[in-house]
Amino acid sequence: MSGGLRVQQDMEKEWETLRAWKERMEQELDRVVAFWMEHSHDQEHGGFFTCLGRDGQVYDNLKYVWLQGRQVWMYCRLYRKFQRFRRSELLDSAKAGGEFLLRYARVAPPDKKCAFVLTQSGLPVKVQRTIFSECFYTMAMNELWRVTGEERYQNEAVEMMDQIIHWVREDSSGLGRPQLPGTPAAESMAVPMMLLNLVEQLGEADEELAGKYAELGDWCAQRILQHVQRDGQAVLENVSEDGKELSGCLGRHQNPGHALEAGWFLLRHALRKGNPELRAHVIEKFLLLSFHSGWDPEHGGLFYFQDADNLCPTQLEWDMKLWWPHSEAMIAFLMGYSDSGDPALLHLFYQVAEYTFRQFRDPEYGEWFGYLNREGKVALTIKGGPFKGCFHVPRCLAMCEEMLGALLSRLASVPAPTCSPPAVPAP
């Protein structure tokens, strides 16, 4: 077989594999969205139920603000990016969820602090001393503005964004955290990650806001990169405020899923900045290093938590396999391959995707299980709760469908290799 023919056959095989995965993503996204549209909408008060059993039955009517924001964002994103989701019922539900947030999310307006949990009718139940409810509130409002054109949503998004920046970079007292003398000055990777994601969200196709938050994006990237420790051999979840390793369990704590999610946030940042050196560093440290240390060699799947010294983690769920790290890994490896062309990243995408579709997907009732034991058996049959809603799974499926479509278009535009005729021997 000639070299040119072999290359062509390899390209055709790759095209077929990518096409098959694109179809699987598309079909699964349709099933997942249908599950949430059928079971989660609160027609009486607006907003969404997220505590759903395997078959979609509501087992608790509490509403978690960060999941309300995530579902509004997800519906708007699908409506904006995919023609088949440009349906009035999707947009109407997103708007009802957004109005519920506007009315009830903030505990004591005009203060910006949001509740973590609300009753079904919107009364505050619990407040967390973090920024995450507010971050997803911001994402929801910005996407609502993008699909409706109503400036009030964008005003809410920008005002809340500026408040979050104030809490993170200037004065955190508004979050309500007591400053105890023994508390270490630690920084979780989640904080700069979320801010970097918000910079991307608000700056999309908006030169004014992209410019306003450009320095913040660079600051976030630098803070995330500080979590690469031990001479580049470990990504740690928590470091000191000046970028040093902390002592004890807190300092040794690793979260492979978070590292992979931070990886694709940084890949988007590197692409926006036109920085191939940063891209290569992120792929090596946040994607490959985190995956190879976090993948269970015996049963497959990503451990939820790890200890950098290979000591036993203290979290009871440390060796469980959760839905969202695998969702983030699929996005990270497909994005890394799309940007770099490294086939090793594509093979890792296939490895994670095969495990994820085989173990988490529920072919009977739709959506994905969220919590498996180490062996990959379903530990909790619920489809939603305080932490799992209409977000990680559909976001992963939607982004992978888009990236696979772009890869297929790119391959289709590559001309087939030509084969040179065999040389004719001299007489």
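**Entry 1: Q68**

I began with Q68, which is buried, with a relative accessible area of 0%. The model I am reading is a predicted one, and I keep that in mind for every entry below. Q68 sits in helix α2, which I traced over residues 65-81. Setting aside the neighbours within four places in sequence, I listed what Q68 touches and found G47, F48, T50, K63, F100 and L101. Of these partners I noted F100 and L101 in particular, since α3 runs over 88-104.

**Entry 2: helix α5**

I next looked up α5, which covers residues 151-169. Its 19 residues reach 27 Å from the first C-alpha to the last, close to the 27 Å expected at 1.5 Å a residue. Which residues of α5 are buried? I wrote down Y153, Q154, E156, A157, V158, M160, M161, I164, I165 and W167. As a reminder to myself, residues three or four places apart in an α-helix point the same way, because there are 3.6 residues a turn. For the surroundings, I found that the buried residues of α5 pack against α3, α4 (132-148), α6, α7 (207-212) and α8.

**Entry 3: α5 against α6**

I then took the pair α5 and α6, whose axes come within 12 Å and cross at roughly 150°. An angle over 145 degrees counts as roughly antiparallel, and α5 and α6 are therefore roughly antiparallel to each other. The crossing of α5 past α6 is left-handed. On the α5 side I recorded A157, V158, M161, I164, I165 and V168, and these meet V191, L195, L198, V199 and L202 of α6. By class, the residues of this contact come out as eleven nonpolar, no polar and no charged.

**Entry 4: α6 against α8**

From α6 (residues 190-203) I went on to α8 (residues 214-225), and here the axes come within 9 Å and cross at roughly 150°. This pair, too, is therefore roughly antiparallel, α6 to α8, and the crossing is left-handed. In α6 the residues concerned are P192, M193, L195, L196 and V199, while α8 contributes L216, G217, W219, C220, R223 and I224. I sorted the residues of the contact of α6 with α8 into nine nonpolar, one polar and one charged. Both L195 and V199 of α6 appear in this contact, and I had already entered L195 and V199 in the contact with α5.

**Entry 5: helix α8 on its own**

α8 has twelve residues and reaches 17 Å from its first C-alpha to its last, close to the 16 Å expected at 1.5 Å a residue. Its buried residues are L216, G217, W219, C220, A221, R223 and I224. I asked which elements these buried residues of α8 pack against, and the list I drew up holds α5, β6 (186-188), α6, β7, α10 (256-273) and α11 (276-294).

**Entry 6: α11 against α12**

Moving towards the end of the chain, I looked at α11 and α12, which pack at an angle of about 150° with their axes 11 Å apart. α11 and α12 are therefore roughly antiparallel to each other, and α11 passes α12 in a left-handed crossing. R279, I283, L287, L288 and F291 of α11 meet A332, F333, G336, D339 and S340 of α12. The classes in this contact are six nonpolar, two polar and two charged residues.

**Entry 7: P325**

I stayed with α12, residues 323-340, to look up P325, which lies in this helix. Is P325 buried or exposed? At 1% relative accessibility, P325 counts as buried. Apart from neighbours within four places in sequence, P325 is in contact with G257, L302 and Y304. I also noted the pair P325 and L260, which are 65 residues apart in sequence and 7.6 Å apart in space, C-alpha to C-alpha.

**Entry 8: backbone details in loops**

I closed with the backbone, where the peptide bond from P109 to P110 is cis, with omega near 10°. P110 is found in the loop between α3 and β4 (117-118). In another loop, between β7 (228-229) and β8 (234-235), I found R230, a residue other than glycine with a positive phi near 55°. D231, in the loop between β7 and β8, has a positive phi of about 55° although it is not a glycine. As for accessibility, R230 is partly exposed at a relative accessible area of 30%, whereas D231 counts as exposed at 80%.

Definitions and conventions
Residues are numbered from 1 along each chain as its sequence is written. This is a predicted model: local features need pLDDT of at least 70, side-chain atom pairs count only at pLDDT 80 or more; totals for chains, interfaces and linings use all residues. Side-chain values use heavy atoms; hydrogens and water are left out. Axes are lines fitted to C-alpha atoms, for helices over the stretch in contact, and angles run from 0 to 180 degrees between N-to-C directions. Helices (H or I, at least four residues) and strands (E, at least two) are DSSP runs, numbered from the N terminus. Angles under 35 degrees count as roughly parallel, over 145 as roughly antiparallel, 65 to 115 as roughly perpendicular and the rest as oblique. A crossing is left-handed if the near helix is turned anticlockwise from the far one by less than a right angle, and right-handed if clockwise. Contact means heavy atoms within 4.5 Å. Ala, Val, Leu, Ile, Met, Phe, Trp, Tyr, Cys and Pro count as nonpolar, Asp, Glu, Lys and Arg as charged, and the others, Gly among them, as polar. The expected span of a helix is 1.5 Å times one less than its number of residues. Buried means under 20% relative accessible area, exposed over 50%, partly exposed in between (1.4 Å probe, protein chains only).
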